[in-house]
Amino acid sequence: MKHFLRFSDLDRADLEHLFARTRILKERFKNYVAYQPLVDRMLAMVFEKSSTRTRVSFEAGIYQLGGSSIVLNMGETQLGRGEPIEDVARVITRMVDIVMIRTFEHSNLERFAAHSRVPVINGLTNDYHPCQVLGDIHTYQEHRGPIQDKTVAWIGDSNNMCNTWLEAAPLLGFKLNVASPTGYDLAPARASGVAKAHLEMFSNPRDAAKGADLVTTDVWTSMGFEAENAARQAAFAGFMVDGAIMKVARDDALFMHCLPAHRGEEVAADVVDGPQSVVWEEAENRLHVQKALMEYLLLGKVES
Ligand code: CP
Ligand code: NVA
């Protein structure tokens, strides 16, 4: 049994399989061709944080594959009243076939997985958001071909998204340029050991974006860090991805944001709504990559 708790749980062959399956499943979806290998399979989704895209894409995805889903919001379950996460895992994984969890501490997810009888998917933790980066890389490759040897500029908080891009870079052979304000930069433990070919850190966002094939950012204040909002607004001044930053990237550079976006904070409206932005396709691709992921975790490397 396999889980998908972080990007590096997959190797390059797994990733290539998933991207190939995503293309096939997306094509079937676009052509109204039914494909239902997961009839009678049940997905449980546990949410300890808010969600729009993750919830809708997983719920629609399992339904399209023939299965169904249950949503468990923290406040409505015994988890919210202190039931140990290990016990919740032991109970619900006797009843469902696959689980997606969005939680705070990454260790909560690991504890759940350690007591699960079924595959567990990370729907976002404070440390990682691997389903999003799967969708992002698929989106890049749809537009521009293999991401290998390309440069991705991450501008902003060294958060769960940045950490996940950093795991993807050596696996898929691209370079990640990271520019974050002091105090919000990559933890040395994450950066150490990553080859220079796959990670370079900058203090100035324009330097990070120079010559990049993809420029990407995220909110300055992630879920769970709201108490730091005022300090973050001050620290991140100068880190908005605007036209001047996009101008130093390659002419054919794409812009991505996992959403929700805050126009006028981490991204200028004319960038997120502009011609280089692929944010809506990026969001849609969550549906397609996660269908491929659920198929893989439940059925293995299907070829049909
Ligand atoms: N990008 C993303 O995960 O969006 P939601 O928080 O709406 O699920
Ligand atoms: N970094 C953001 C991503 C939201 C999808 C957060 O964790 O809130």
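Strands β8 and β9 run parallel and are joined by 4 bridges. This pairing belongs to a predicted model. Within it, Val-215 stands opposite Phe-255 of β9. On its other pairing, β8 meets strand β5 (residues 151-155), also in the parallel sense and over 4 bridges. Here Val-215 of β8 is the bridge partner of Ala-153. The side chains of β8 alternate: Leu-214 and Thr-216 point one way, Val-215 and Thr-217 point the other way, and all of them are buried.

**Helix α5**

Helix α5 covers residues 130-144, 15 residues in total, and its first and last C-alpha atoms are 21 Å apart, close to the 21 Å expected at 1.5 Å a residue. Is the helix enclosed or open to the outside? Of its 15 residues, 11 are buried, so α5 is largely enclosed by the rest of the structure. The buried set includes Pro-130, Cys-131, Gln-132 and Tyr-140. Its buried residues pack against strands β4 (120-122), β8 (214-217) and β9 (254-257), and against helices α1 (12-30), α6 (160-172) and α12 (279-299). Just after α5, Gly-145 has a positive phi of about 85°.

**Backbone exceptions**

Most residues other than glycine have a negative phi, and most peptide bonds are trans. The table lists two residues other than glycine that have a positive phi.

| Residue | Phi | Citation |
|---|---|---|
| Tyr-32 | near 55° | positive, not glycine |
| Leu-259 | near 70° | positive, not glycine |

Tyr-32 sits in the loop between α1 and β1 (42-47). Because 6 other C-beta atoms lie within 10 Å of Tyr-32, the residue is exposed. Leu-259 is in the loop between β9 and α11. Leu-259 has 16 C-beta neighbours inside 10 Å and so counts as partly exposed. The peptide bond from Leu-259 to Pro-260 is cis, with omega near 5°. Pro-260 is likewise found in the loop between β9 and α11 (269-272).

**Ligand 2 and the annotated span**

Which residues are around ligand 2? They are Leu-124, His-129, Asn-159, Asn-160, Met-161, Asp-218, Val-219, Ser-222, Met-223 and Cys-258. By class, this shell has 5 nonpolar, 4 polar and 1 charged residues.

In an unreviewed entry, UniProt lists residues 149-297 as "domain: Aspartate/ornithine carbamoyltransferase Asp/Orn-binding". In the model, the end C-alpha atoms of residues 149-297 are 29 Å apart, and the span is 39% helix and 15% strand.

Conventions:
Residues numbered from 1 in each chain as written. Chains lettered and ligands numbered in written order. Predicted model: local features only at pLDDT ≥ 70, side-chain atom pairs only at ≥ 80, totals over all residues. Near = placed C-beta within 6 Å. Nonpolar A, V, L, I, M, F, W, Y, C, P; charged D, E, K, R; others polar. UniProt positions renumbered as here; feature names shortened; annotations may be inferred. Helix = DSSP H or I, 4+ residues; strand = E, 2+ residues; numbered from the N terminus. Expected span 1.5 Å × (residues − 1). Buried ≥ 20, exposed ≤ 12 C-beta atoms within 10 Å, placed from the backbone. Contact = placed C-beta atoms within 7 Å. Pairing = 2+ DSSP bridges.
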